[in-house]
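Trainee: I would like to take a close look at a single part of this protein, going slowly and residue by residue. Could you walk me through it in one connected answer once the structure is in front of us?

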Amino acid sequence: MIQLTNKYLTDESAAFIISDKKQIKDIQLSKVEMNFAEKMLDNKANFVHINSFYKSLFILLVNSEKDEFTQLEDIRKSGNRIITEIKELKLETINIVNLGSENFTYALCEGIMLSKYGFHKYFKDKAEKTSSLKEIKVVSSSTDSTKVDLLNALIEGVYNARDIVNEPLSFMTAQKLSQEIERIGKETGFKTEILDKKQIESLKMGGLIAVNRGSIHPPTFSIMRWEPENAINEKPYVFVGKGLVFDTGGINLKPSGYLETMKCDKAGGATVVGLMAAIAKAKLPIKVIGLVPATDNRPGNDAYVPEDIITMFDGTTVEVLNTDAEGRMILADALAYAKKYKPQLVIDLATLTGAAVVAVGENTTAVMGNTPKEIEKLKTIGFEVWEKLVELPLWDEYKEQLKSSVADLKNIGGKYAGAITAGKFLEHFTDYDWIHLDIAGPAFTEKDDSYRGIGGTGVGVRLLFEFLKQKAN
Ligand code: BES
Ligand code: ZN
Ligand code: ZN
């Protein structure tokens with residue numbers, strides 16, 4: 001928990017943020033501490049740790065020659081270093097005393113809180129794994145307490161998203177995912193409606209049904225609503241997340257080496273849930289709908305096979321040429337379903353293609369869409385929160401690759417531009433302002449990556465929360 005306080009008690013641990021070496025004189029250090037810190041800073045250190053036996057002090061010198069967004073990211077990463085030290089020392093409280101610009105405080109809180117996250121549910125000895133840190137005290141007499149509340153809500157949302165991604169199929173079937181969504185909705189305040197297999201069938205969501213056919217677990221379609229009375233918008237923002245609870249590839253079975261991270265294929269859905277949780281908890285005055293189609297994709301007795309022709313929710317027919325291109329099948333139905341809300345804007349998130357990772361790398365989201373103004377906004381926020389986006393074009397010539405001789409569309413394109421042909425496929429099912437985020441790279445890390453952690457990162461929650469926060473203002 002992050003809390004506000006107006007006085008720093010010098011017998012507690014603290015992190016001091018300064019943007020100029022001279023400011024070292026303005027922080028509460030003993031003479032010995034000061035001498036040591038000055039020496040370190042003179043030796044070009046920008047992170048100083050002074051460990052006394054009962055407390056720890058950290059000094060972060062922000063490099064003012066870097067651009068603002070890089071400074072914020074450096075601070076978040078320092079938050080990760082602090083948590084590593086704190087773990088060893090079993091500290092429970094840390095104060096933040098910031099002599100730089102106000103944003104630095106929030107960046108450090110984020111870095112610390114997001115680094116503190118761990119997925120410990122399955123360890124026999126959970127207590128041993130859990131971080132000792134209980135509270136961050138922001139020392140300030142000018143900080144707005146609502147900003148701290150918003151940040152607490154956001155962190156909680158990222159935790160929710162990461163938890164969902166990190167759960168394996170042995171726990172999180174599509175039904176379990178829907179139950180978790182219901183539980184989180186009750187906890188944070190958004191409404192949920194879960195469509196079950198029968199309802200999905202009677203709605204004729206052909207894409208979701210086809211992908212589910214190889215599974216013994218029924219599919220679900222979760223609808224989340226946050227519609228506060230003081231909403232600034234008439235038409236809702238709709239977020240659609242891919243909820244593939246495990247992707248084996250289906251009959252086009254993935255080889256080993258490609259299967260081992262595929263519990264992350266529900267990361268888009270997880271982000272939508274985390275986002276809904278954060279905005280409900282923060283009580284943002286904005287109408288938002290979240291949609292998560294969910295199933296696993298696996299070979300089974302009745303699994304869909306290549307050359308099957310599927311009639312989708314909106315009546316479009318699709319020739320399946322690869323059962324591993326299943327994400328677009330379930331998203332297409334959800335995107336077509338979203339039309340009924342007469343949305344202001346629809347944003348979908350999906351771990352959709354390996355091609356997106358090839359194109360923009362593991363840490364970057366590929367963004368596509370038909371609304372340049374909103375894409376520009378997202379790109380800027382991407383730098384601000386360091387969930388960066390690179391845009392890929394949706395030129396019409398790419399759609400040639402999706403032509404089928406027996407149906408309206410094929411579900412895969414050719415060898416090249418796989419992230420774009422997937423985007424073109426989705427575009428077919430939209431008739432509104434729309435943005436597609438392919439998060440196949442940044443949704444999941446196999447190596448510990450600073451405050452992004454290991455496993456599910458919750459990418460997109462911070463990006464879209466900030467996007468909505470700016471809309472609501
Ligand atoms: N879930 C995968 C994409 C993926 C790859 C996510 C790596 C996370 C990390 C998706 O369903 C998939 O298998 N896509 C295929 C599409 C192809 C068959 C056209 C791919 O990218 O290989
Ligand atoms: Zn797949
Ligand atoms: Zn997939």
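Trainee: Is V211 buried or exposed, judged by its relative accessible area? Please start there and carry on to whatever surrounds the residue.

Mentor: Please keep in mind throughout that this is a predicted model, and that the distances and angles below are computed from its atoms. V211 is buried, with a relative accessible area of 0%, and its place is in helix 8, which covers residues 206-212. If neighbours within four places in sequence are set aside, V211 is in contact with T295, D296, N297, Y304, E326, M329 and I330. Two of these contacts lead us to the metal site, since E326 coordinates the zinc ion (ligand 2) through an OE atom, while the side chain of N297 makes a polar contact of 2.9 Å with the side chain of D247.

D247 deserves the closest look. D247 is found in strand 10, and at 2% relative accessibility this residue counts as buried. Besides the polar contact with N297, a polar atom of the D247 side chain lies 2.8 Å from the backbone nitrogen of G249. Leaving aside neighbours within four places in sequence, D247 is in contact with K254, L259, M262, D265, N297, D324 and E326.

Two zinc ions can be described around D247. The zinc ion (ligand 2) is coordinated by D247 (OD), D324 (O), D324 (OD) and E326 (OE), at 1.9 to 2.2 Å, so that D324 is listed with both an O and an OD atom. The angles among the six donor atoms of the zinc ion (ligand 2) run from 70 to 166°, and the site is irregular. The donor residues of this ion follow the spacing D-x76-D-x1-E in sequence. D247 lies in strand 10 (residues 243-247), whereas D324 lies in the loop between strand 13 (317-319) and helix 10 (327-337), so the pair ties together parts that are 77 residues apart in sequence. In contrast to the buried D247, D324 is partly exposed, with a relative accessible area of 23%.

The zinc ion (ligand 3) is coordinated by K242 (NZ), D247 (OD), D265 (OD) and E326 (OE), at 2.0 to 2.4 Å. Around this ion the six donor atoms subtend angles of 77 to 174°, which makes the arrangement octahedral. As a point of reference, ideal angles for six octahedral donors are 90 or 180 degrees. In sequence the donor residues of the zinc ion (ligand 3) are spaced K-x4-D-x17-D-x60-E, and both K242 and D247 are buried. The two zinc ions are 3.2 Å apart, and D247 coordinates both.

To place this part within the chain, it helps to step back to the domains. The protein chain is divided into domain 1 (2-140) and domain 2 (152-472), and the C-alpha centres of the two domains lie 36 Å apart. Across the division, 18 residues of domain 1 are in contact with 20 residues of domain 2. As one long-range reference for our starting point, V211 and I50 are 161 residues apart in sequence and 56 Å apart in space, C-alpha to C-alpha.

For a view of another region, consider helix 2 (residues 68-89), whose 22 residues reach 32 Å from the first C-alpha to the last, close to the 32 Å expected at 1.5 Å a residue. At the start of helix 2, a side-chain oxygen of D67 comes to within 3.0 Å of the backbone nitrogen of F69, and just after the helix K90 takes a positive phi of about 55°. The buried residues of helix 2 include L72, I75, I82, I83 and I86, and polar ones such as T70, Q71 and N80 are among them as well. K87 also gives a link to T130, for the C-alpha atoms of these two residues, 43 residues apart along the chain, are separated by 8.9 Å. T130 is found in the loop between helix 4 (126-129) and strand 6 (135-139), where its side chain reaches the backbone oxygen of K126 at 2.9 Å. At 44% relative accessibility, T130 counts as partly exposed, in contrast to V211 with its relative accessible area of 0%.

Definitions and conventions: Residues numbered from 1 in each chain as written. Chains lettered and ligands numbered in written order. Predicted model: local features only at pLDDT ≥ 70, side-chain atom pairs only at ≥ 80, totals over all residues. Heavy atoms only, no water. Helix = DSSP H or I, 4+ residues; strand = E, 2+ residues; numbered from the N terminus. Expected span 1.5 Å × (residues − 1). Buried < 20%, exposed > 50% of the residue type's maximum accessible area, 1.4 Å probe, protein only. Polar contact = N/O pair within 3.5 Å; in protein donor to acceptor, adjacent residues only side chain to side chain. Donors = N, O, S within 2.8 Å, 3.2 Å for Na, K, Ca; no water. Tetrahedral: all angles 85-135°; square planar, octahedral: opposite > 155°, others 65-115°. Domains from an automatic or database assignment. Contact = heavy atoms within 4.5 Å.
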